[in-house]
Amino acid sequence: MATTDTVLRPDHASRRRHFIFTEEHDQLRESIGSFVEKELQPHAQEWEESTFPNWVFQRMGELGFLGLSYPEEYGGQGGDYYCNLVLAEEMTKSNSGGLAMGVAVHTDMATPPIFLFGTEEQRQRYLVPAIKGEKISCLGITEPDAGSDVAGTKTRAVRDGDEYVINGSKTYITNGHRADFIVLVTKTDPDAGYDGFSLFLVDMDLPGVIREKKLEKLGMHASDTALLAFQDVRVPAEAILGQEGKGFYHIMWELQGERLIGAAGCVAGAQRCFDRTLEFAKERTAFGRPIGRFQVIRHKFAEMATKIESARQLVYTTAWRHQNGEYPVREISMAKLYAARIAVEVADECIQVHGGAGYMKEYGVERVWRDMRLNRIGAGTDEIMLDVIGRSYGL
Ligand SMILES: Cc1cc2nc3c(=O)[nH]c(=O)nc-3n(C[C@H](O)[C@H](O)[C@H](O)COP(=O)(O)OP(=O)(O)OC[C@H]3O[C@@H](n4cnc5c(N)ncnc54)[C@H](O)[C@@H]3O)c2cc1C
């Protein structure tokens with residue numbers, strides 16, 4: 001409390017944690033962060049060439065990091081949604097966007113629908129080994145002719161006695177080459193519009209599942225990205241996940257969690273890039289002074305810091321709504337849009353501050369930019385986020 005004889009000084013070094021987090025979250029952060037720095041980060045460069053190995057899932061399963069918010073009865077840690085945010089944030093310490101994405105697809109995209117919509121048998125068969133890191137998952141929404149427009153899905157599942165027969169293809173599927181199973185979006189009734197979709201749990205070793213091509217990308221090189229084909233793949237009727245005909249709504253629900261986690265990763269990644277660049281700007285000299293002392297450069301940091309902090313507050317407040325039982329689709333879309341945009345802007349500006357060094361692989365800043373660039377496309381493009389937000393006002 002200020003009095004007339006107190007001199008108040010700005011509290012720039014405050015390390016007070018955000019109010020959504022507790023002491024337990026801090027401990028979790030510490031243990032995930034030190035694991036990532038010791039066991040994953042040293043391989044970041046190597047995995048850009050080879051993609052990351054499957055033992056990462058087994059090791060993270062052993063450590064309990066793949067089921068942070070799932071109940072203990074399924075092998076989870078019984079934590080809250082904020083634990084998933086902590087994981088997404090700490091994974092950025094791997095310095096590998098592709099690795100962080102591969103793990104997030106498993107923890108926050110493919111497995112949540114199994115927990116929410118799955119039968120007890122499906123949970124035991126897929127969720128429990130996924131939490132242990134014994135089975136790797138992927139999520140198949142996008143098709144060569146249906147990306148933003150999910151309603152254009154062509155993959156068909158046709159009932160045949162006690163089975164369904166699946167035909168179609170999926171593209172850009174993260175973990176598609178390594179996965180043991182896929183959460184697959186299909187149409188079971190092409191004439192029923194949004195009520196004609198169904199999700200399936202499909203084992204990737206079934207006859208007719210073809211991992212066609214490893215796709216080459218601008219960034220996220222540590223992840224594998226697949227083009228998949230499904231040719232007369234027979235699955236039992238029990239492979240349907242959730243209600244038949246409600247797959248569209250189920251997957252729209254899944255996308256909300258995916259987008260918020262992606263936004264948290266963007267903020268944390270942007271912050272790391274900012275921190276490293278700040279060090280650089282204090283050390284690198286030109287015209288007789290550290291470059292950070294030029295007002296132009298100082299203002300770049302001020303702009304970046306303000307954007308990062310605004311995005312962080314938006315993500316945390318939206319996570320708080322989500323944790324407290326709301327379904328804040330508008331705010332999640334805002335958080336995803338804004339965090340992805342500013343992360344790319346920050347990475348771009350960090351390259352600029354580094355000068356020629358920023359363009360060199362050695363400094364790792366160009367990789368942040370390449371990896372971050374995906375976030376304006378994946379899990380719903382900027383344009384789709386704007387449309388969701390705009391429509392939420394009745395337009
Ligand atoms: C590296 C990577 C990993 C991915 N991982 C997965 C995964 O694991 N699983 C999965 O299912 N998908 C995955 N995706 C797919 C991703 O979600 C899609 O690429 C994304 O949804 C966009 O779809 P699209 O590529 O078909 O683009 P399109 O839908 O063809 O869009 C092309 C352009 O048109 C714009 N556009 C489209 N519709 C509208 C509209 N109504 N209004 C205004 N503009 C519009 C878009 O914003 C975009 O600019 C991944 C993609 C990449 C690149």
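## A tour of one cavity, one pocket and one hairpin

The largest cavity, our starting point, has a volume of about 50 Å³. Keep in mind as you look around that this model is predicted. A search of the whole structure turns up one cavity of 30 Å³ or more.

**Stop 1: the cavity walls.** Select Phe 65, Leu 66, Gly 67, Leu 68, Ser 69 and Tyr 70, then add Asn 84, Leu 87, Thr 107 and Asp 108; together they line the largest cavity. By class, this lining has five nonpolar residues, four polar ones and one charged one. Now colour helix H5 (97-117) and H4: each gives at least two residues to the lining of the cavity.

**Stop 2: the second largest pocket.** Keep helix H4 (81-91) coloured and add helix H1 (23-40), helix H7 (247-283) and helix H8 (295-323), since each of these four supplies at least two residues of the lining of the second largest pocket. The volume of this pocket is about 1100 Å³. Which residues lie nearest its centre? Select Ser 14, Arg 15, Gln 271, Glu 309 and Arg 312 to see them, out of 28 lining residues. The lining of this pocket divides into twelve charged, nine nonpolar and seven polar residues.

**Stop 3: a hairpin.** Finally, show residues 156-160 and 163-174 as a cartoon: these are strands S2 and S3, which run antiparallel and are joined by five bridges. Click on Arg 156, then on Asn 167, its bridge partner in S3. Between the two strands of the hairpin there are two residues, and Gly 161 takes a positive phi near 65°.

Definitions and conventions
Residues are numbered from 1 along each chain as its sequence is written. This is a predicted model: local features need pLDDT of at least 70, side-chain atom pairs count only at pLDDT 80 or more; totals for chains, interfaces and linings use all residues. Side-chain values use heavy atoms; hydrogens and water are left out. On a 1 Å grid over the protein atoms alone, a cavity is a set of points where a 1.4 Å probe fits but cannot get out, and a pocket is an open set with protein on both sides within 12 Å along at least five of seven lines; lining residues have an atom within 4 Å of a point. Grid points are joined across faces, edges and corners, and a volume is the space filled by probe spheres set on the points. Ala, Val, Leu, Ile, Met, Phe, Trp, Tyr, Cys and Pro count as nonpolar, Asp, Glu, Lys and Arg as charged, and the others, Gly among them, as polar. Two strands pair if DSSP finds at least two bridges between them.
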